[in-house]
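Visitor: I should like to learn how to read a structure feature by feature. Could we begin with a single strand and work outwards from there?

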Amino acid sequence: MKRILMVLILTLFLTPTITANIVKVEQYLQNNTNDKTLNKFPYKQYVKNFNFKMFKDDLMLLKTKNITDFIFIENTLTLYFKSVEKKSSIDFLTENYKISEAFYNIYKSDSIRYFSFGIVQNVILSDISSKLQNEINKKTINPNNEDVDKLINNLSIQHYSIHVKKNIFEKTWYHFRHGNFNYILRKAFSAYLKETLLIILLVLILITILNFTFYFIKKRINMNALKIFKKVFVLVFIYFFLSSNISIDNTFTDTSNNKVLNILDETFIDSFHHGEVNIYKLKQNYEDYGQVVWLNRSLTKRIKVKYFASGDAYTKYLDWKKSATTNKIILVCSGAYSTAFKKSDNSTPVGLTVDNGVIVNRSLQLQMDGLAIIYATGGIAVSNIEEKNLNVGSPLNKTIDLNNIFHRIEFLDWCVNEDATIFQTHLLGWKNYLNFNKTDADKANNRIVSRRLFALVKDKISGNVQYVIFNITKDVKLWDASNEALSYIKNQRNMEVIALLNLDTGALDCLSTFDENGYELGYIKGNENKNFSETTNLIVFYRE
């Protein structure tokens, strides 16, 4: 320990400020951890790998802070990334979390004087949360491990929420324990499980038939011949079963011209607010498919969007609704996915989330490429994260790549200063085309359930912007729902699709719609509306 301190103090002679800052980190680590942690942060490399220009173009502090702070941050992070590259075991991530704590505890003692410590802490936490999320997704780290669970909770306190997906058995057991039998029954009778049960039933019937067949064959041929016959039959059965694609899917796509053959038929239901809100019933092959709500923002600019995610989202929504008496609520529903089933389970929205300048979740979900930006004026825009060209206005005036940790910190800082609102979700459609295919494991899963989609569309002739919400009550795959919604907007409505986003319809499948007098519409609602108070985030469409 003493040797490390001596090397540090003697070699980091660029400025007294840098040396003093590093010593503060050393002192904290010395008092709160052990030599093992310090060895994870080899300060000898810090001197050998000095690189003044490495992060010059990406650090926001260059514009407002002095050069010694920049040198401190630049070299500290240069060392950090060199020492942690390609290392992501739970022990290693936990030790690096202790290092981030060292920077944070000095930062919180005087956030203005030691602002650079906060920058370093957030970069380290971003790296840790990204690696942990990736390892959990790959199932190389068990989220139920005690150390992992502790790290997840610690990251959550710092607004870096990790999303741990539950399998069907974990979901069923959770809802059984909490008495949510409506959810269990709804999922049990979904098309996906119906399909699975049908396959099981067919296999049982086939086995029964085979048993009778073998019984009668046994009477007429010798045992050796019967064994050979059984083996051949089993191999043939397995081959045909694995090579077949058994699916109850009523949607067919003509790949030659990319047109959906089973189109969605719409029937007008209601119109409110002088034609700015129109609701239609959707059918496919004469079967109920759901409803679609069209909101015309361009007519008077009075159709607006509001998003709640910080603190108790539902209570904030109710308080806002009471205070803004002139606003007419049109539709309110759950927005982004949640890290757990209920708010009372310490659940937070999945992915980057900021509510009116309050950071809710700093963790970027790499599997979700859609970022919704809701302006104070009530408008909504969508950015494709994968294009790495999010244009941020004054005072930052910069093109942001959210996959870049430093850009992300800059962007979140801008969100706080500008009271911005954002949330992250799957981008299903982009610029008139589907943004994924059936083999995309992250989006095109095989679950056949009800869906809810949001589309940002534009009239090809007038250029008027409209918001479209699909409430799909039929159990369908996500790819099919996206493909059908895209085709409906483009081919039947002759509109341009700017973006198509996925909204949450899981255990928090909450949706309420209202007429212009404030009366709730019974024919278009969510399946779990009794859980509105448990939602982690809500998106509200209203008329000012």
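**Reading strands, cores and helix contacts**

Guide: Let us begin with strand β10, which is covered on both faces: Gly370, Ala372 and Ile374 are buried on one side, and Leu371 and Ile373 are buried on the other. Please keep in mind that this is a predicted model.

Visitor: How many of the residues of strand β10 are buried, and what follows from that?

Guide: Five of the five residues of β10, which spans residues 370-374, are buried, so the strand is largely enclosed by the rest of the structure.

Visitor: Which strands pair with β10, and in which sense?

Guide: The general idea is that strands of a sheet pair through backbone hydrogen bonds, either parallel or antiparallel. Here, β10 pairs with β11 (residues 380-384) in the antiparallel sense over five bridges, and Leu371 has Ser383 of β11 as its bridge partner. β10 also pairs with β14 (residues 421-425), again in the antiparallel sense and over five bridges; in that pairing Ile374 stands opposite Thr421.

Visitor: What should I look for in the hairpin of β10 and β11?

Guide: One should look at the number of residues between the strands and at the backbone angles. This hairpin has five residues between its strands, and Gly378 takes a positive phi near 100°.

Visitor: What is the order of the strands in the open sheet of eight strands?

Guide: The order is β3-β4-β5-β18-β17-β19-β15-β16, and the pairing is antiparallel. Its edge strands, β3 and β16 (433-434), each pair on one side only.

Visitor: How is β4 joined to β3, and how to β5?

Guide: Strand β3 (residues 265-272) runs antiparallel to β4, and seven bridges join the two; Asp270 stands opposite Ile279 of β4. With β5 (residues 287-296), β4 pairs in the antiparallel sense over eight bridges, and Leu282 stands opposite Gly290 of β5.

Visitor: Which residues take a positive phi in these two hairpins?

Guide: In the hairpin of β3 and β4, with four residues between the strands, the residue is His273, with a phi near 50°. In the hairpin of β4 and β5, with two residues between the strands, Asn285 takes a positive phi near 55°.

Visitor: Is β4 enclosed or open to its surroundings?

Guide: Six of the eight residues of β4 (residues 277-284) are buried, so this strand is largely enclosed by the rest of the structure. The reasoning can be repeated for β6 (residues 303-308): five of its six residues are buried, so β6 is likewise largely enclosed. β6 pairs with β21 (residues 538-543) in the antiparallel sense over six bridges, with Lys304 opposite Tyr542 of β21.

Visitor: Which residues have the most contacts inside the largest nonpolar core?

Guide: In reading a core, one asks which residues it gathers and which of them make the most contacts. The largest nonpolar core has 33 residues, and those with the most contacts inside it are Val293, Leu295, Leu331, Ile380, Phe454, Tyr467 and Phe541. Leaving aside neighbours within four places in sequence, Leu331 is in contact with Val293, Ile469, Leu511, Ser512, Thr513, Ile539, Val540 and Phe541. A second, separate core has 31 residues, including Ile73, Phe103, Ile136 and Leu155.

Visitor: How do the axes of helices α6 and α7 lie with respect to each other?

Guide: For a helix pair, one reads the approach of the axes, the crossing angle and then the handedness. The axes of α6 (residues 90-109) and α7 (residues 115-137) come within 8 Å and cross at roughly 160°. Because of that angle, α6 is roughly antiparallel to α7. α6 passes α7 in a left-handed crossing. Among the residues that make the contact are Leu93, Phe103 and Tyr107 of α6 and Phe115, Ile124 and Leu132 of α7.

Visitor: Where does Ala340 lie, and how accessible is Ala340?

Guide: Ala340 lies in the loop between β7 (328-334) and β8 (353-355). Its relative accessibility is 25%, so Ala340 counts as partly exposed. Not counting residues up to four places away in sequence, Ala340 touches Asp345 and Ser347. The C-alpha atoms of Ala340 and Ala507 are 9.2 Å apart, although 167 residues separate the two along the chain.

Visitor: Which totals describe the whole protein?

Guide: The protein has 15 helices and 21 strands, and 51% of its 544 residues count as buried. Of the contacts with a separation of 6 or more, 67% are between residues 24 or more positions apart.

Definitions and conventions. Residues are numbered from 1 along each chain as its sequence is written. This is a predicted model: local features need pLDDT of at least 70, side-chain atom pairs count only at pLDDT 80 or more; totals for chains, interfaces and linings use all residues. Side-chain values use heavy atoms; hydrogens and water are left out. A nonpolar core is a set of buried Ala, Val, Leu, Ile, Met, Phe, Trp, Tyr and Cys residues joined through side-chain atoms within 4.5 Å. Buried means under 20% relative accessible area, exposed over 50%, partly exposed in between (1.4 Å probe, protein chains only). Contact means heavy atoms within 4.5 Å. Two strands pair if DSSP finds at least two bridges between them. Axes are lines fitted to C-alpha atoms, for helices over the stretch in contact, and angles run from 0 to 180 degrees between N-to-C directions. Angles under 35 degrees count as roughly parallel, over 145 as roughly antiparallel, 65 to 115 as roughly perpendicular and the rest as oblique. A crossing is left-handed if the near helix is turned anticlockwise from the far one by less than a right angle, and right-handed if clockwise.
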